[in-house]
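Student: Please take me through a close look at one buried spot in this model, and then widen the view step by step until I can place that spot in the whole. I am new to this structure, so please explain each term as you reach it.

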Amino acid sequence: KVKSLEDLGISSTILKKLQEMGITTIEALAAANPQELSQNLAIPLPTVQKLVSQARAALGLGFKTALEIKKERMSLPKITTGSKNLDNLLGGGVEVKTITEFFGEFGSGKTQLCHQLAVNVQLPLEKGGLSRKAVYIDTEGTFRWERIEAMARGLGLDPDKTMENIFYVRAVNSDHQMAVVEELKELIPKEDIGLVVVDSVTGHFRAEYPGRENLAVRQQKLNRHLHQLMSLAELFDVAVVVTNQVMARPDVFYGDPTTAIGGHVLYHAPGVRVQLKKSRGNRRIARIVDAPHLPESEAVFAITEVGIRD
Ligand code: ADP
Ligand code: MG
């Protein structure tokens, strides 16, 4: 199996140029935009297109039979949420190669779930993890190491080791958020990342492009961001989890039509959408919204001191 760019038989001059652009892996090359690459490298477009398709072929991104797809999807590992109910709702847990969106009102448990998944991805396969690390992109400043510590303890994991395996970054605006995701092409393979969290994915975009008049440009930029995340998920076999805060009472909210309809950001992107609702006390209700392969149903879970449980 082909492992590195060198194995593609690329000439050393081009290899060096690619490296200068930060393209050091087959995944990065497969994800590259041939037009941009051609300009930046001053190499003819057809040559670049050939390189990129070679990289894609090496990663098995060509045609496949439906049976091959079935076997691939069935063998994809899932990350447990900590709640059997919620795992069952999700068809086993949060899937790699997929964007999972948790949307819901303030306090519905989106951030707690993100914390829990950043811990659980580190568990061994037999315990519902991937034995891999997590990236946590925080746009709202709601990440708390104390919660990671408590959740790690709750699972009998070493809290310091668990925290060492979570790469945290505070994204200060939407451009920064997108630049951070761009850098992940390098970090993910280097650190063996299995989960990328963006909490929240929509906050900066909403703040920077408020109201109806900015809806089109906001959605366009957000789509670009989601596309970035989707390629990471597919190329690196990582799970991408994003959150999206929506209004609890759309009837009294005016100004933003997407939030008003409780709109989820993945409207045009593939993935799994999970709506979270507050219930009594520490109980929360999760509902799958139009996932192509999962039935629409509900699950109840709890947010406890040691994390997400049934
Ligand atoms: P969202 O991100 O959807 O706004 P959060 O994930 O921050 O919501 O959930 C906040 C809720 O999580 C709190 O209302 C509380 O019920 C629960 N929670 C937070 N910290 C703890 C804790 N240490 N122990 C138990 N429950 C907690
Ligand atoms: Mg939150």
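Tutor: At 9% relative accessibility, Lys-221 counts as buried, where buried means under 20% relative accessible area, exposed means over 50% and partly exposed lies in between, using a 1.4 Å probe and protein chains only. Please keep in mind that this is a predicted model, in which local features need pLDDT of at least 70 and side-chain atom pairs count only at pLDDT 80 or more, while totals for chains, interfaces and linings use all residues. Residues are numbered from 1 along each chain as its sequence is written, chains are lettered from A and ligands numbered from 1 in the order in which they are written, and side-chain values use heavy atoms, with hydrogens and water left out.

Lys-221 is placed in helix 12; helices (H or I, at least four residues) and strands (E, at least two) are DSSP runs numbered from the N terminus. If residues up to four places away in sequence are not counted, Lys-221 touches Ser-174, Asp-175, Met-178, Phe-205, Glu-208 and Tyr-209, and contact here means heavy atoms within 4.5 Å.

Helix 12, which covers residues 215-236, also gives the most to the largest nonpolar core, with eight residues. A nonpolar core is a set of buried Ala, Val, Leu, Ile, Met, Phe, Trp, Tyr and Cys residues joined through side-chain atoms within 4.5 Å. The largest such core has 44 residues, and those with the most contacts inside it are Ile-10, Leu-29, Leu-37, Ile-137, Val-196 and Leu-229. It draws at least three residues from each of domain 1 (5-58) and domain 2 (72-309), the domain bounds coming from an automatic or database domain assignment.

Val-196 is a good residue to look at within this core: leaving aside neighbours within four places in sequence, Val-196 is in contact with Val-135, Ile-137, Leu-184, Ile-188, Val-238, Ala-239, Val-240 and Val-241. There is also a second, separate core of 35 residues, which includes Ile-79, Leu-130, Leu-195 and Val-197.

A further packed element is helix 8 (residues 145-154), whose buried residues are Arg-147, Ile-148, Ala-150, Met-151 and Ala-152. Among the elements that cover them are helix 7 (110-120), helix 9 (159-164), strand 5 (166-170), strand 10 (298-304) and strand 11 (307-309). After helix 8 comes Gly-156, with a positive phi near 75 degrees.

Several loops also deserve a careful look at their backbone. Asp-199 and Ser-200 are joined by a cis peptide bond, with omega about -5 degrees, and Ser-200 is found in the loop between strand 6 (193-199) and helix 11 (203-208). Lys-97 is not a glycine, yet its phi is positive, about 65 degrees; Lys-97 is placed in the loop between strand 2 (94-95) and strand 3 (99-104), and at 21% relative accessibility it counts as partly exposed. Ser-131, likewise a residue other than glycine, has a positive phi near 55 degrees and sits in the loop between helix 7 and strand 4 (133-138), where it is partly exposed at 45% relative accessibility.

Now for the two domains: their centres, taken over C-alpha atoms, are separated by 31 Å, and seven residues of domain 1 are in contact with five residues of domain 2. Between them the domains bury about 490 Å², 64% of it on carbon and sulfur atoms; buried area is the accessible area (1.4 Å probe) that two parts lose on being put together, summed over both.

Taking the whole protein last, its secondary structure comes to 13 helices and eleven strands. Its radius of gyration is 20 Å, close to the 19 Å that the globule rule gives for 310 residues, so the protein is as compact as a globular protein of that length; this radius is taken over C-alpha atoms, and the rule is 2.2 Å times the number of residues to the power 0.38. Along its principal axes the C-alpha trace spans about 65 × 50 × 40 Å. Of the 310 residues, 48% count as buried, and Lys-221, where this look began, is one that counts as buried.
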